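Reader: I'd like a close look at a single part of this one. Pick a side chain, tell me what it reaches, and then work outwards to the helix that carries it and the core around it.

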Amino acid sequence: MINALFLLLFYFFIDRQRLFFMLLVFFISFDIVGLVDEFGKFFNLWCYPHQMLPFTDRFNTVDFAIIPVSIALVYQFFSKWKFFFIAHIITSAVIAFIGIPIFKALYLYKLLNWSMFYSFLTVFIMGIVVKIISDWMAGKKRGYRVS
């Protein structure tokens with residue numbers, strides 16, 4: 001349900017002029033979040049008592065939409081580093097200090113050897129990595145433009 005809400009937000013707020021690039025930013029975010037999540041599950045830092053899809057543990061609520069959509073929309077609306085940095089700190093804090101307690105209360109997420117502060121740092125670093133990669137790719141695209 002919450003995945004659908006975030007995907008609808010992404011659909012309604014995505015910049016149609018930069019549709020393919022913003023989808024690329026989303027998928028970069030999706031891949032990085034998924035990779036970090038696999039790392040965390042492997043080292044028993046956190047777990048998901050209930051899966052979104054019962055036949056796989058690869059997709060869960062946090063990885064599938066919330067964090068990737070949040071990072072992509074912050075990237076879209078705040079392209080300058082200073083503003084991105086501030087907006088992403090706020091977004092990371094909301095995810096870590098409001099979202100995670102909600103998911104814990106709903107028994108969708110369980111912290112084992114991890115803390116909400118570590119989650120804040122991890123989400124923040126993931127967003128910075130996504131911005132670096134996306135800005136680099138945008139620069140490459142401009143560099144290969146044919147006039």
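Author: Start with the side chain of His88, which comes within 3.1 Å of the backbone oxygen of Val123 in this predicted model. A second backbone oxygen, that of Phe124, sits 3.2 Å from the His88 side chain. Both distances fall inside the 3.5 Å cut-off for a polar contact.

His88 is buried, and its relative accessible area is 0%. Leaving out residues up to four places away in sequence, His88 touches Val123, Phe124, Gly127 and Ile128, and also Ile71 and Val74.

Now the helix that carries it. His88 belongs to α4, which covers residues 81-105. With 25 residues at 1.5 Å each, α4 should span 36 Å, and its end C-alpha atoms are 34 Å apart, so the two figures agree. There is a bend, though: α4 turns by about 35° at Gly99, with a proline, Pro101, following within four residues. Gly99 is also among the buried residues of α4. Along with His88, that buried set includes Phe84, Ala87, Thr91, Ser92, Ile95, Ala96, Ile100 and Phe103. An α-helix has 3.6 residues a turn, so residues three or four places apart point the same way. Keep that in mind when you read down the buried list. Past the end of α4 comes Tyr107, with a positive phi near 60°.

For comparison, look at α2, residues 19-42. Its 24 residues should span 34 Å at 1.5 Å a residue, and the end C-alpha atoms are 34 Å apart, so that agrees too. Buried residues of α2 include Phe21, Met22, Val25, Phe26, Ile28, Ile32 and Val33, and the buried list takes in Ser29, Asp37 and Lys41 as well. Just after α2, Asn44 has a positive phi of about 55°.

That leaves the core. The largest nonpolar core has 35 residues, and those touching the most other members are Phe10, Val25, Ile67, Val69, Tyr109 and Met126. At least two residues of this core come from each of α1 (2-13), α2, α3 (61-77), α4 and α5 (116-143). The largest share, nine residues, is from α3.

Met126 is a good place to finish. Again setting aside residues up to four places away in sequence, Met126 touches Ile32, Val33 and Val36, plus Ile67 and Ile71. Ile71 is a contact of His88 too, which brings you back to where we started.

Definitions and conventions: Residues numbered from 1 in each chain as written. Predicted model: local features only at pLDDT ≥ 70, side-chain atom pairs only at ≥ 80, totals over all residues. Heavy atoms only, no water. Expected span 1.5 Å × (residues − 1). Buried < 20%, exposed > 50% of the residue type's maximum accessible area, 1.4 Å probe, protein only. Bend = angle between axes of the 7 residues up to and from the residue. Polar contact = N/O pair within 3.5 Å; in protein donor to acceptor, adjacent residues only side chain to side chain. Contact = heavy atoms within 4.5 Å. Core = buried A, V, L, I, M, F, W, Y, C linked by side-chain atoms within 4.5 Å.
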